[in-house]
Amino acid sequence: MASARGLTNFMQAIGKSGGISASNLYEFTLQPTEKLSKFFDDNLSGDIQTLTNDPSGMNLQLLCNEIQLPGVTYSAFDIKSVHKGITQKHATAKVFNELDVSFFMDGTSLPLRFFRAWQDFIQNGVIGNPRDYYSYDTAEEYRRTMASNYYEDYACDMIITKLEKHDAEADNDYRIPWEARLAKAYPYTVASIPYSAGPAQLVKVTVGFYYEYSHLFNPEKPAI
């Protein structure tokens, strides 16, 4: 038999489950390939620390303004039942939504430089002197700027981690209810950044990612 539950009962039940989830507790990490890591080391003047949680310098974690857990949708086809008016929708394949991440721009435009460098690595847009792209004397360098690297070298896994506050008696500052792995991700677009002569505002950049698939897992339990 159903019974009435008041606000006190609701708050007690929520408290036992760890409280209400906070939207501003999260982090993400990248797992770059060996060649991609070397490219960052050679071209970003030591900013490779942006891939980690190294507290010694500015990193992308601190500048990340907004990130999403991409949605998943099933495509389906209709099967008409023998009963009139009944149609079954059978699942055919998962469709993974694209990922958009927004960053604040610091004084060095670190997010912009980082992700544009990643895009340059995808299709070798970095040569000695950009002014010589269309020079007849640098035909080899011109061809190199239009050549793409291998997919296995520029696509890497991205891990999105949800954080929640621990109890005061807990050993760690945060607990992790889930993590999401986005397999073989890479930035397919860096959005336009508007600048104007009006009042000064925070500058943001949005980066869009393609990836193959995603899945959730509990980091505290071994994968099955």
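In this predicted model, Thr-33 sits in the loop that links β1 to α2. Thr-33 counts as buried because its relative accessible area is 17%, below the 20% cut-off. Its side chain has a polar atom 3.3 Å from the backbone nitrogen of Leu-36. Leaving out residues up to four places away in sequence, Thr-33 also touches Glu-152, Asp-153, Ala-155 and Cys-156. Of these, Glu-152 and Asp-153 fall within α6, which spans 151-154, and Cys-156 belongs to β6, which covers 156-165.

Next comes α2 itself, which runs over residues 34-43. Leu-36, Ser-37, Phe-39 and Phe-40 are the buried residues of this helix. These four lie on the same side of α2, since the arc they cover around the axis is only 160°. The other side of α2 carries the exposed residues Glu-34, Lys-35, Lys-38 and Asp-42. As for what the buried side meets, the buried residues of α2 pack against α4, α6 and β6. So Leu-36 turns up twice in this picture: its backbone nitrogen is the one that lies 3.3 Å from the Thr-33 side chain, and Leu-36 is one of the buried residues of α2.

Then there is the largest nonpolar core, with 34 residues in all. Nonpolar side chains tend to be buried together in soluble globular proteins. Within this core, the residues that touch the most other members are Leu-99, Phe-103, Phe-115, Trp-118 and Phe-209. Two or more core residues come from each of β1, α2, β5, α4, β6, β7 and β8. Helix α4 (110-122) gives the largest share, six residues.

Phe-115, which falls inside α4, makes a handy example of how the core is put together. Setting aside neighbours within four places in sequence, Phe-115 is in contact with Leu-60, Phe-103, Pro-187, Val-190, Val-207 and Phe-209. Among these partners, Phe-103 lies in β5 (99-104), Pro-187 and Val-190 in β7 (174-190), and Val-207 and Phe-209 in β8 (204-210). Phe-103 and Phe-209 are also named among the core residues that touch the most other members.

Stepping back to the whole chain, there are six helices and nine strands. Of its 224 residues, 28% are buried. Among contacts with a separation of 6 or more, 66% are between residues 24 or more positions apart. The chain exposes about 15,300 Å², and 52% of that area is supplied by carbon and sulfur atoms.

Methods. Residues numbered from 1 in each chain as written. Predicted model: local features only at pLDDT ≥ 70, side-chain atom pairs only at ≥ 80, totals over all residues. Heavy atoms only, no water. Core = buried A, V, L, I, M, F, W, Y, C linked by side-chain atoms within 4.5 Å. Buried < 20%, exposed > 50% of the residue type's maximum accessible area, 1.4 Å probe, protein only. Contact = heavy atoms within 4.5 Å. Polar contact = N/O pair within 3.5 Å; in protein donor to acceptor, adjacent residues only side chain to side chain. Areas by Shrake-Rupley, 256 points an atom, 1.4 Å probe, with all protein chains shown as cover. Arc of directions from axis to C-beta.
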